[in-house]
Amino acid sequence: MKFSWKGLQRKPHGNRLSDNQIVVNRDAFVCRRELSMPIVSITDYTFPSLDIEESLIRAAGGELRIGNDKRVEALKRLAADADAVITQFAPINAEVIAAMQQARVIVRYGIGVDNVDLDAARARGIPVCNVPDYCIDEVADHTLAFILGVTRQVVPNTLHVRDGKWGLATPLDQLRTLRDQTVGLVGFGRIGREVAARLAPFKCRRLVHDAFVPADTVRASGCEPVSLDELLAQSDIVTLHCPSTPQTKKLLNDDSLGRMKQGSVVVNLGRGDLIDSGSLIAALQSGKIAAAALDVFEQEPLPLDNPLRSMPNVITASHIASASPKSVRTLRETAAKIAIMALRGEPLPNMVN
Ligand SMILES: NC(=O)c1ccc[n+]([C@@H]2O[C@H](COP(=O)([O-])OP(=O)(O)OC[C@H]3O[C@@H](n4cnc5c(N)ncnc54)[C@H](O)[C@@H]3O)[C@@H](O)[C@H]2O)c1
């Protein structure tokens with residue numbers, strides 16, 4: 001016999017049950033907690049379905065609960081009795097974490113964990129795990145697509161032909177040769193290194209700033225380790241591959257954009273809040289920054305009236321650089337498997353707190 005939390009919570013108050021019935025229900029409640037299926041709550045997702053997760057979690061004897069509301073109160077309700085929580089973009093802040101009564105893990109569908117309050121989770125003893133390696137090639141490929149898209153003016157020329165025109169879509173000096181460019185990579189982790197490796201055959205100069213990776217590691221891959229100031233001052237193209245942390249938020253702002261080369265290019269596939277978008281828009285309008293290629297934004301979805309949607313010198317995507325059939329399947333399977341490992345009390349991989 002199965003009893004639901006909801007039934008138990010409502011009946012004693014709403015239906016004026018007799019003492020006897022309440023006692024029966026209390027016994028049932030105890031039974032449920034002993035025999036019950038552990039609950040995996042998924043706060044939000046952008047996939048067409050959750051069939052992969054559902055079959056894995058069911059096969060492991062778990063019950064799947066699905067949320068579709070990123071507001072804090074709804075998240076608190078969904079997470080309250082979950083044994084494992086999987087989240088994509090919903091804000092799992094200290095309040096939501098405080099509402100978790102028995103969560104044994106919070107799993108992020110992705111690499112960046114900036115939507116989860118790691119300190120609050122640590123304080124509650126709840127491990128946070130990510131999926132660190134599901135989309136490295138996809139994001140690195142997309143970065144090259146963005147860099148080449150800008151340097152070879154792929155989008156304006158496509159629109160030019162589609163518009164019935166012929167010849168150069170932009171002034172000649174906007175067509176750049178990657179061999180003659182200096183590309184500055186901020187962040188030399190899994191993705192940054194793959195971007196650097198993909199850039200090598202194009203023969204451009206490659207500068208790297210990473211706050212934690214030793215200079216020798218950077219040199220071993222044929223890149224030049226530099227300070228952030230040097231990178232900004234010398235790069236024709238700056239591409240961001242560091243996480244969003246208190247140290248990196250608004251890394252590109254009025255001041256740092258002002259220190260970049262006149263007519264340089266900004267590429268961001270890291271996180272939207274690495275850039276102060278107002279500062280970037282102003283720099284694009286003034287010509288200080290010649291072009292930008294952006295997969296991530298301070299506010300997502302990007303508001304319809306945001307100028308970045310329509311500026312001719314900006315190419316965009318809607319936070320999809322990680323996507324491919326293989327990467328999405330790996331992401332979903334891995335997240336579900338980590339949740340199941342937590343339900344079973346097994347040691348967890350990819351803990352980030
Ligand atoms: N657009 C997308 O769809 C997408 C997909 C995956 C990841 N990402 C973003 O890309 C980021 C990088 O991913 P990754 O797999 O390479 O992560 P990673 O952890 O392997 O590498 C991040 C690197 O950034 C460095 N770093 C940290 N703080 C820094 C600072 N203040 N200055 C300079 N470097 C700093 C770290 O030392 C590390 O080497 C993720 O954090 C995530 O935000 C975006």
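In the predicted model, five strands form an open sheet in the order S2-S1-S3-S4-S5, with parallel pairing. Strand S2 (63–66) and strand S5 (128–129) occupy the edges of this sheet; each has a single partner strand, so one side of each is left without a neighbour in the sheet. Within the sheet, strand S3 (residues 84–87) runs parallel to strand S4 (residues 106–108), and 3 bridges join the two. One residue of S3, Val85, has Ile106 as its bridge partner in S4. Helix H14 (residues 325–343) lies across strand S1 (39–42) as well as S3, S4 and S5, and its direction makes an angle of about 165 degrees with S3.

The chain as a whole contains 14 helices and 12 strands. Its C-alpha atoms fill a box of roughly 85 × 50 × 35 Å along the principal axes. Of its 353 residues, 37% count as buried. Among contacts between residues at least 6 apart in sequence, 62% join residues at least 24 apart.

Two domains divide the chain: domain 1 consists of residues 37–134 together with 327–343, and domain 2 spans residues 136–316. The centres of domain 1 and domain 2, taken over C-alpha atoms, are separated by 32 Å. Contact between them involves 5 residues from domain 1 and 6 residues from domain 2. On the side of domain 1 that touches domain 2, there are 1 nonpolar, 2 polar and 2 charged residues.

The ligand is surrounded by 31 residues, of which Gly112, Gly187, Gly189, Ile191 and Pro243 come nearest. By class, this shell comprises 14 nonpolar, 13 polar and 4 charged residues. Among the secondary-structure elements, helix H9 (residues 190–199) makes the greatest contribution to the shell, supplying 3 residues.

A further position of note is Pro312, located in the loop between strand S11 (289–294) and strand S12 (314–316). Pro312 is classed as exposed because 12 other C-beta atoms lie within 10 Å, and a residue counts as exposed at 12 or fewer. Pro312 and Val155 are 157 residues apart in sequence, yet their C-alpha atoms lie 9.1 Å apart in space.

Notes. Residues numbered from 1 in each chain as written. Predicted model: local features only at pLDDT ≥ 70, side-chain atom pairs only at ≥ 80, totals over all residues. Near = placed C-beta within 6 Å. Helix = DSSP H or I, 4+ residues; strand = E, 2+ residues; numbered from the N terminus. Nonpolar A, V, L, I, M, F, W, Y, C, P; charged D, E, K, R; others polar. Buried ≥ 20, exposed ≤ 12 C-beta atoms within 10 Å, placed from the backbone. Contact = placed C-beta atoms within 7 Å. Pairing = 2+ DSSP bridges. Axes fitted to C-alpha atoms, helices over the stretch in contact; angles between N-to-C directions. Domains from an automatic or database assignment.
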